[in-house]
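User: I've got a model open and I'd like to learn how to read its sheet and helices. Could you walk me through them?

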Amino acid sequence: MIKISRERFERLVWEAVDELPEAIRNRISNLAIEVKAYPSKDDLEYAGVEDPLDLYGLYRGIPLTERTTHYDLVTPDLITIYQRAHEMDCDSLEALREEVRRTVRHEIAHHFGISDERLDELSVP
């Protein structure tokens with residue numbers, strides 16, 4: 001287990017976003033990213049997860065592939081990254097950094113309409 005400040009963890013999340021290829025970053029649309037220590041009860045129910053330490057990230061929104069011409073005045077999609085789950089699973093800053101990268105990429109993939117099943121088929125963690 002490693003524990004770092006919220007500010008430092010948020011920097012890891014934004015570094016992971018900044019490391020995405022420019023072509024991907026340029027296609028992200030109407031998306032907010034936040035960090036929470038733990039998922040709420042509602043987050044766990046939405047994700048179908050019981051143990052809060054099993055949920056690393058959560059995407060809520062309308063994927064780009066499902067947006068139509070009627071997509072207007074919609075609140076931003078939201079990706080939430082959960083700090084404590086990451087910290088409990090990692091024993092070094094480098095391991096934490098890599099796990100945050102994986103989670104950010106995974107949740108961004110959902111924003112692009114890629115399902116968990118498809119990510120598994122592609123062997124993307």
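Analyst: Sure. Keep in mind that this is a predicted model. Let's begin with one strand pair: β2 and β3 (residues 77-82) run antiparallel and are joined by four bridges. Within β3, Ile79 is the residue standing opposite Tyr59.

User: What is the strand order in the whole sheet?

Analyst: To read a sheet, go across it strand by strand. Here you get β1-β3-β2, an open sheet of three strands with mixed pairing. The strands that pair on one side only are the edges, namely β1 (31-36) and β2 (57-60). Ignoring direction, neighbouring strands are turned by 15° against each other on average.

User: Which strands does helix α1 touch?

Analyst: For a helix on a sheet, look at contacts and then at direction. Helix α1 (residues 6-18) packs on the sheet and touches β1 and β3. Its direction makes about 145° with that of β1.

User: How do the axes of α1 and α5 cross?

Analyst: With two helices, check distance, angle and hand. The axes of α1 and α5 (residues 93-111) come within 9 Å and cross at roughly 50°, which means α1 is oblique to α5. The crossing is right-handed.

User: Which residues make that contact?

Analyst: From α1, Arg8, Phe9, Leu12, Val13, Glu15, Ala16 and Val17 take part, and from α5, Leu93, Leu96, Arg97, Val100, Arg101 and Val104. Sorted by type, the contact of α1 with α5 has nine nonpolar residues, four charged and no polar ones.

User: Which element has the lowest mean pLDDT?

Analyst: That's helix α6 (residues 116-121), at 68, while β1 has the highest mean, 98. Where pLDDT is low, don't read the predicted coordinates in detail. Overall, the chain averages a pLDDT of 92, and 94% of the residues score at least 70.

Terms used:
Residues numbered from 1 in each chain as written. Predicted model: local features only at pLDDT ≥ 70, side-chain atom pairs only at ≥ 80, totals over all residues. Heavy atoms only, no water. Pairing = 2+ DSSP bridges. Axes fitted to C-alpha atoms, helices over the stretch in contact; angles between N-to-C directions. Contact = heavy atoms within 4.5 Å. Parallel < 35°, antiparallel > 145°, perpendicular 65-115°, else oblique. Left-handed = near helix turned anticlockwise from the far one by under 90°. Nonpolar A, V, L, I, M, F, W, Y, C, P; charged D, E, K, R; others polar. pLDDT = per-residue confidence, 0-100.
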